[in-house]
Amino acid sequence: MPTSPRLSPAAEDFLADNHLCTFTTLRPDGSPHVTPVRFTWDGEAGLARVMTAVTRRKARNVLAGPAARASLCQTVGPRWITLEGLATVHDDPLRVQEGIRRYAKRYWTPPPEPPGLVVIEIQVDRVLGLL
């Protein structure tokens, strides 16, 4: 498993702030699909998590590719950070519950729970930013 880049304390603090970000995946035709999402960051595991329904385009894009890459970009004024890596979709109840727990902790409310709730995990291997 690739090692996640170490983030600076400023980057960790910025990722802990309560902000929306953009989530980018690739459609089957190769065009980018960009959508606003809430996400969580697990610095110890190098994982970013996005909660969604398995029927949503972002989940379908990840499921369509055996080595699907995705990126999350959080920006506030001139400060920004992008997390990139291999994305996988999980419906395992333990992984989904961990995603819900982290989401509720970050955003002070649980995520919506549509039918087919899954967690997209991004194993981050590249970080870009200006903090």
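Let's start with the sheet: 7 strands form an open sheet in the order 2-1-5-6-7-4-3, and the pairing is antiparallel. Everything I show you today comes from a predicted model. At the edges stand strand 2, residues 32-37, and strand 3, residues 40-42. Each of these has a single partner strand, so one side of each is left without a neighbour in the sheet. If you turn the model, you can look for the twist: on average, neighbouring strands of this sheet are turned by 30° against each other, direction ignored.

A quick reminder for anyone new to sheets. Strands pair through backbone hydrogen bonds, and they can do so in a parallel or an antiparallel way.

Now find strand 6, residues 79-90, and strand 7, residues 117-130. These two pair in the antiparallel sense over 11 bridges. One bridge to look for is that of Trp80, whose partner in strand 7 is Leu130. Packed on the sheet is helix 1, residues 9-16, which touches strand 3, strand 5 and strand 6. The direction of helix 1 makes about 70° with that of strand 6.

Stay with Trp80 and Leu130 for a moment. Together with Leu128, they make a nonpolar surface patch of about 260 Å². Leu128 is found in strand 7, and its relative accessible area of 38% makes it partly exposed.

Next, please look at strand 5. Is Ser71 buried or exposed? Ser71, which has its place in strand 5, has a relative accessible area of 18%, and because the limit for buried is under 20%, Ser71 counts as buried. And what does Ser71 touch? Leaving aside its neighbours within four places in sequence, Ser71 is in contact with Thr22, Phe23 and Thr24, and also with Thr82, Leu83 and Glu84.

Let's walk over to the other end of the strand order. Strand 3 and strand 4 run antiparallel and are joined by 3 bridges. In this pairing, Asp42 stands opposite Leu47 in strand 4. The hairpin of these two strands has 4 residues between them, and there Gly46 takes a positive phi near 70°.

How many residues of strand 4 are buried? In this strand, residues 47-53, the count is 7 of 7. In a regular strand, side chains alternate between the two faces of the sheet. You can follow that here: Leu47, Arg49, Met51 and Ala53 point one way from strand 4, while Ala48, Val50 and Thr52 point the other way, and all are buried. Strand 4 is also joined to strand 7 by 7 bridges, and these two strands run antiparallel. For Ala48, the bridge partner in strand 7 is Ile122.

On to the charged residues. The structure holds 9 salt bridges, and I have picked three to show you.

Here is one between Asp42 and Arg102, whose side chains meet at 3.1 Å, N to O. This pair links distant parts of the chain, with Asp42 in strand 3 and Arg102 in helix 3, 60 residues apart. Asp42 counts as buried, at 10% relative accessibility.

The next one joins Asp125 and Arg69, with the closest N and O atoms 2.9 Å apart. Distant parts of the chain are linked here too: Asp125 is in strand 7 and Arg69 is in strand 5, 56 residues apart. Asp125 counts as partly exposed at 30% relative accessibility, and Arg69 is partly exposed with a relative accessible area of 38%.

Then we have Arg101 and Glu98, whose closest N and O atoms are 2.8 Å apart in their salt bridge. These two are 3 residues apart in helix 3, so about one helical turn separates them. Both ends are partly exposed: Arg101 has a relative accessible area of 42%, and Glu98 has one of 23%.

Which residues are linked in a network of salt bridges? The network takes in Asp42, Arg49, Arg95, Glu98, Arg101, Arg102 and Glu121. You have already met several of these names. Arg49, for instance, is one of the buried residues of strand 4, and Asp42 is the residue standing opposite Leu47.

Terms used:
Residues are numbered from 1 along each chain as its sequence is written. This is a predicted model: local features need pLDDT of at least 70, side-chain atom pairs count only at pLDDT 80 or more; totals for chains, interfaces and linings use all residues. Side-chain values use heavy atoms; hydrogens and water are left out. Two strands pair if DSSP finds at least two bridges between them. Axes are lines fitted to C-alpha atoms, for helices over the stretch in contact, and angles run from 0 to 180 degrees between N-to-C directions. Contact means heavy atoms within 4.5 Å. Buried means under 20% relative accessible area, exposed over 50%, partly exposed in between (1.4 Å probe, protein chains only). Patches are made of residues with over 30% relative accessible area and no salt bridge: like charges are joined within 9 Å, nonpolar side chains (Val, Leu, Ile, Met, Phe, Trp, Tyr) within 5 Å. Accessible areas come from the Shrake-Rupley method with a 1.4 Å probe; for residues, only the protein chains shown count as cover. A salt bridge is a side-chain nitrogen of Lys or Arg within 4 Å of a carboxyl oxygen of Asp or Glu.
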